[in-house]
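This briefing is intended for a reader who has the sequence and the model at hand. Please consult both while reading the points below.

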Amino acid sequence: MSHKITYSPAYTIVPTYECFNRCSYCNFRVDIGKDSWLTMTEAKSVFKKLLPKEVIEILVLSGEVHPNSARREDWFQRIENICELALSMGFLPHTNVGPLSLLEMERLKGVNVSMGLMLEQLTPTLLKTVHKYAPSKRPETRLQQLEWAGKLQIPFTTGLLLGIGETKTDRITSLSAIAKIQKQWGHIQEVILQPHSLGSQQSYQNENFPLEDLPALIADSRSILPENITIQIPPNLIGTPELLWACIEAGARDLGGISPRDEVNPDYPHLTAKYLKTILKPMGWELIPRLPVYPQYYDWLSPKLQKSLKAKENDLKNAETMVETSKVKEE
Ligand SMILES: O=c1nc2n(C[C@H](O)[C@H](O)[C@H](O)CO)c3cc(O)ccc3cc-2c(=O)[nH]1
Ligand SMILES: C[C@H]1O[C@@H](n2cnc3c(N)ncnc32)[C@H](O)[C@@H]1O
Ligand code: SF4
C-alpha cells in the first residue's frame with residue numbers, strides 16, 4: 001500500500017493585476033491604471049475552454065483596490081460575479097484577493113468552497129522593508145482576517161512566505177499564531193510553506209530562501225501545527241525531486257493547486273501532475289487529485305455549494321475507478 005499525496009487540479013483566473021500595494025518581492029502586480037479588469041465575457045470564454053479538461057478548482061487571485069477607493073465595490077462585485085459564473089459552469093472557486101471587510105468575506109462565502117490569505121510573517125519589522133509600501137500586509141490585519149474566516153466558518157488556506165528577511169524565530173512565532181487560531185476556530189485546512197523565489201519583475205533582490213532548510217522547517221511546523229492542518233508545498237519552487245521527497249518525508253502532504261501557469265511565480269512553470277506522479281511513485285507515494293475544500297468542512301457550506309461539491313466528488317471517484325479499471329485491463 002502506498003501513501004497518498006494530494007493536489008488540486010486548478011486554473012488561475014486573474015480579475016486584475018493592478019494593485020495599490022507594492023510588496024517588493026511581487027512579480028504579479030502592475031501600477032493602478034496600467035491594467036484593465038477582466039470582463040465577464042472574457043471570463044466566460046476562458047471557462048468554456050477549460051470544460052473538456054480535468055480542472056476542478058478555479059483559483060481567483062487578484063491585485064487589490066484600496067478599501068476606501070470609490071472603485072472598491074465594482075472591483076469586489078466583479079470578483080463575486082466571476083466566482084458565481086465559475087460555479088454555474090461546474091467549477092469550484094477558491095478566492096485569494098487580499099484582505100476583505102467582514103461583509104465582503106460573508107458575501108464571498110456564498111460563492112466559494114474555500115478561501116485563502118497568506119499570513120506571510122507575523123513580525124512587524126517587515127513593514128520597514130519588503131512591506132514598506134504594502135498596507136495590506138500589516139500583520140494585525142492578516143491575523144484578523146484569519147479570525148473572521150473562523151467566525152464565519154469559512155474553510156481556509158493560509159501560510160508563510162519564507163526568505164523575505166524574517167529570522168528563524170520569526171517563523172516559529174508565525175506558525176504558533178496560526179496554531180493558536182486553529183485551536184480556537186478549527187477552520188484552517190492547510191498551511192502553505194512558500195519559499196520566496198526570485199522572479200524577473202521584482203525589486204527585492206535578496207537571496208532566495210535556502211531550500212535545503214525546508215525539510216527541517218516542515219518538521220518543526222508539523223510539531224507546532226495541530227494534526228488537522230495539512231502542510232502544502234509548491235513543487236515548482238522546490239528545485240529537485242530529491243528535495244521534494246525530503247519535504248514529503250518531513251511531513252508535507254499536499255502539492256497545492258496545479259494549473260497551466262503559476263501566476264505568482266511565472267518564472268517557475270508548474271510541473272504536470274503526470275510528471276510528479278512518475279517521480280513520486282518509486283518512493284512509494286501516490287499522487288491523487290482532491291477538491292479545493294477538505295471533506296471535514298463540507299457541512300459548513302450552503303446546500304447549493306454542497307450540491308456542486310457532490311458532483312465534483314463523483315467526478316473524482318469516477319476518475320479513480322477508471323484508473324483502477326485500466327490497471328486491471330493492463331494486468
Ligand atoms: O499556483 C499557485 N497557487 C497558489 N494558491 C493556490 C492553492 O494551492 C490552492 O488554491 C489551495 O490549496 C486550495 O485548493 C494559493 C492559495 C491561497 O489561498 C493562498 C496562497 C496561494 C499561493 C499560490 C501560488 O503562489 N501559486
Ligand atoms: C499569493 C501569495 O504569493 C506569495 N508570493 C508573492 N510573491 C512571491 C514570490 N516572489 N515568490 C514566492 N511567493 C510569492 C505571497 O505569499 C502571496 O500572499
Ligand atoms: S503580493 Fe499581492 S498585495 Fe503584494 S503587491 Fe503583489 S498582488 Fe499586491
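The points below cover ligand 1, the nonpolar core and helix H7.

This is a predicted model, in which local features need pLDDT of at least 70 and side-chain atom pairs count only at pLDDT 80 or more, while totals for chains, interfaces and linings use all residues. Residues are numbered from 1 along each chain as its sequence is written, and chains are lettered from A and ligands numbered from 1 in the order in which they are written.

**Ligand 1**
- Around ligand 1 there are 19 residues (C-beta atom, placed from the backbone, within 6 Å), and Gly116, Thr157, Gly256, Val264 and Pro292 come nearest.
- Elements giving two or more residues to this shell include strand S2 (57-61) and strand S8 (254-258); strands (E, at least two residues) and helices (H or I, at least four) are DSSP runs, numbered from the N terminus.

**Nonpolar core**
- The largest nonpolar core (buried Ala, Val, Leu, Ile, Met, Phe, Trp, Tyr and Cys residues joined through C-beta atoms within 7 Å) has 74 residues.
- Ile58, Val60, Val191, Leu193 and Cys247 touch the most other members of this core.

**Helix H7**
- Leu244, Cys247 and Ile248 are the buried residues of helix H7 (residues 241-250); buried means that 20 or more other C-beta atoms, placed from the backbone, lie within 10 Å of a residue's own.
- They lie on the same side of H7 because they cover an arc of only 100 degrees around the axis, taken from the directions from the helix axis to the C-beta atoms.
- Glycine 251 follows H7 and has a positive phi, near 130 degrees.

Methods. Buried ≥ 20, exposed ≤ 12 C-beta atoms within 10 Å, placed from the backbone.
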